[in-house]
Amino acid sequence: MSDIQITDAELEIMKVLWDAPEGLSTGEIRGRLDKDWERTTVLTLLSRLTEKGAVAAEKENRSYRYKSLITRENYSLAKTSSILDSLYNGSVKNMMAALCDAGRLTAEDLRELQKILDKGGA
């Protein structure tokens with residue numbers, strides 16, 4: 001799992017990179033973002049992600065190509081585990097109860113979760 005702390009803004013960059021395993025240039029990243037960020041903003045976020053070890057910057061002619069070094073799945077699992085530990089004392093039951101109480105789980109969600117539980121958890 002990944003212990004790398006990623007800000008909300010950095011996560012926007014990561015989402016774009018996760019959808020492009022071949023890597024992207026700065027311009028390509030900007031073009032795929034839902035945000036209208038300046039080139040310097042994107043470069044700053046990429047620099048931070050590179051320093052954190054979440055992204056690799058590969059020199060390509062006069063520019064760089066950026067690739068994610070962590071998978072979406074590993075990051076999601078680490079983030080979920082962190083939330084589970086910090087807010088629910090590690091209790092999946094308490095987290096699920098909170099989601100149910102908040103109306104966040106649909107009947108379809110509950111059916112799918114029941115199928116997972118019936119299979120033995122995985």
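**Exercise 1. Which residue takes a positive phi in the hairpin of β1 and β2?**

Before we start: this is a predicted model, where local features need pLDDT of at least 70, side-chain atom pairs count only at pLDDT 80 or more, and totals for chains, interfaces and linings use all residues. Residues are numbered from 1 along each chain as its sequence is written, and side-chain values use heavy atoms, leaving out hydrogens and water.

*Step 1.* Find the strands, which are DSSP runs of E with at least two residues; helices are runs of H or I with at least four, and both are numbered from the N terminus. β1 covers residues 55–60 and β2 covers residues 63–68.

*Step 2.* Check the pairing, which takes at least two DSSP bridges between two strands. Here β1 and β2 pair in the antiparallel sense over six bridges. One example is A57, whose bridge partner in β2 is Y66.

*Step 3.* Look at the turn. Two residues sit between the strands, and N61 has the positive phi, near 60 degrees.

**Exercise 2. Work out how α1 and α3 pack.**

*Step 1.* Take α1 (residues 8–18) and α3 (residues 39–52): their axes are 10 Å apart, at an angle of about 85 degrees. Axes are lines fitted to C-alpha atoms, for helices over the stretch in contact, and angles run from 0 to 180 degrees between N-to-C directions.

*Step 2.* Classify the angle. α1 and α3 are roughly perpendicular (65 to 115 degrees; under 35 is roughly parallel, over 145 roughly antiparallel, the rest oblique).

*Step 3.* List who touches whom, with contact meaning heavy atoms within 4.5 Å. From α1 come A9, E10, I13, M14 and L17, and from α3 come V42, L45, L46, R48, L49 and K52.

**Exercise 3. Trace the salt bridge of D19 and the one between E28 and R65.**

*Step 1.* Count first: the structure holds seven salt bridges (a side-chain nitrogen of Lys or Arg within 4 Å of a carboxyl oxygen of Asp or Glu).

*Step 2.* D19 pairs with R72, with the closest N and O atoms 2.6 Å apart. D19 is in the loop between α1 and α2 and R72 is in helix α4, so the pair ties together parts 53 residues apart in sequence.

*Step 3.* E28 meets R65 at 3.5 Å, N to O. E28 belongs to helix α2 and R65 to strand β2, so this pair ties together parts 37 residues apart in sequence.

*Step 4.* Now the surroundings: R65 counts as buried at 17% relative accessibility, while E28 is partly exposed at 32% (buried is under 20% relative accessible area, exposed over 50%, partly exposed in between, with a 1.4 Å probe and protein chains only).
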